[in-house]
Amino acid sequence: MDSWVRFTAQSQGRERIFRAAQYASALIAYSLQRSGASPELVIHIKQLEAHLSLGRKLFRLGNSAEALEAAKRAIHLSDLVLRFCITVSHLNRAMYLGCDNLLWAGKVGLATKLDQDKWSQRSFRYYLFALIMNLSRDAYEIAALVQREARTRSKVGAEQDGSGGTPSGAGAAAALLAGSLRARLGLLCHVLKANPPLLLDVLKNCCDLFIPLDRLGLLKTSPGMVAFCGLSSSVLSILTISQPWLKLKP
């Protein structure tokens, strides 16, 4: 209960709740429309989704400054690859949030001449670049952990290995390749299972990736798929915010 109280006290936590409710509404509207529900009910659900989206934008006002501060901190990371990926991700996130703030101003009537379609496309491009950087960072960390685990196992295997012969024959190469692939897959599963924050970050970023890809027309999916991915990533974000030990650290 204490962790939930701390979670709801954060603006980011409240924004994640609104995001989950928004995509849940979108998923319900899509399901009702597919099942032949009354158009009035579908319209009401879509209006609720639009109101929740506008409320989320209000919670994100000023978050671009926080993203810039995070980018300034990431510049000092010792690892060159992590420094690049995290810094560029935060910079793109700051630009995305800045565009989002302008869109909020346009929707509430403070910037009536704003071309919302153009700025919406621009914001999703920044969002996509940020997610690509996040996934690049995840891939780098996974590769480093897999390599470290492989070295550890090879040392243990060398100490325990006897003088067994190496298989030969026509099927030896295929057997060795299949064994290598199985070993690599086993290492990957072991690394992800042993690092829940990294696993959750990969899942969250993969789910989020479908949203800008669909909005930019790069990968057309159904509104139900986008809503499901958005809801899934929102639930994972809520989990990482309410349980700080599940948040991936730089």
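These legends walk through several close-up views of a predicted model.

**View 1. The second largest pocket and the residues around it.**
Welcome to an open space of about 180 Å³, the second largest pocket of the model. Its lining includes Tyr23, Ala26, Ala29, Tyr30 and Gln33. Lys46, Glu49 and Arg215 also line this pocket, as do Pro223, Val226 and Ala227. By character, the lining residues divide into 7 nonpolar, 1 polar and 3 charged.

**View 2. The helices that supply the pocket lining.**
Which helices each give at least two residues to the lining of the second largest pocket? They are α2 (11–34), α3 (39–59) and α9 (223–242). Helix α2 supplies the largest share, with 5 residues.

**View 3. Helix α5 from end to end.**
Follow helix α5 along residues 80–107, a run of 28 residues. From the first C-alpha to the last, α5 reaches 40 Å, close to the 40 Å expected at 1.5 Å a residue. At the N-terminal end, Asp79 acts as a cap: one of its side-chain oxygens lies 3.0 Å from the backbone nitrogen of Val81. Beyond the helix comes Gly109, which has a positive phi near 90°.

**View 4. Cys85 and its partner in space, Met133.**
Zoom in on helix α5 to find Cys85. Is Cys85 buried or exposed? With a relative accessible area of 5%, Cys85 is buried, because buried means under 20%. Met133 is 48 residues away from Cys85 along the chain, yet their C-alpha atoms are separated by 5.2 Å.

**View 5. Cys189, a partly exposed cysteine.**
Cys189 has a relative accessibility of 44%, so it counts as partly exposed, the class between 20% and 50%. You may wonder about sulfur bridges here. A disulfide is a covalent bond between the sulfur atoms of two cysteines. How many disulfides does the model have? With a cut-off of 2.5 Å between cysteine sulfur atoms, the count comes to 0 disulfides.

**View 6. Helix α8 and the glycine just after it.**
Helix α8 covers residues 196–215, 20 residues in total. How far apart are its end C-alpha atoms? They are 30 Å apart, which agrees with the 28 Å that the helix should span at 1.5 Å a residue. Arg215, from the pocket lining in View 1, sits within the residue range of α8. Just after the helix, Gly217 takes a positive phi of about 75°.

Terms used: Residues numbered from 1 in each chain as written. Predicted model: local features only at pLDDT ≥ 70, side-chain atom pairs only at ≥ 80, totals over all residues. Heavy atoms only, no water. 1 Å grid on protein atoms, 1.4 Å probe; cavity = no way out; pocket = protein on both sides within 12 Å on 5 of 7 lines; lining within 4 Å. Points joined across faces, edges and corners; volume = space filled by probe spheres on them. Helix = DSSP H or I, 4+ residues; strand = E, 2+ residues; numbered from the N terminus. Nonpolar A, V, L, I, M, F, W, Y, C, P; charged D, E, K, R; others polar. Expected span 1.5 Å × (residues − 1). Buried < 20%, exposed > 50% of the residue type's maximum accessible area, 1.4 Å probe, protein only. Polar contact = N/O pair within 3.5 Å; in protein donor to acceptor, adjacent residues only side chain to side chain.
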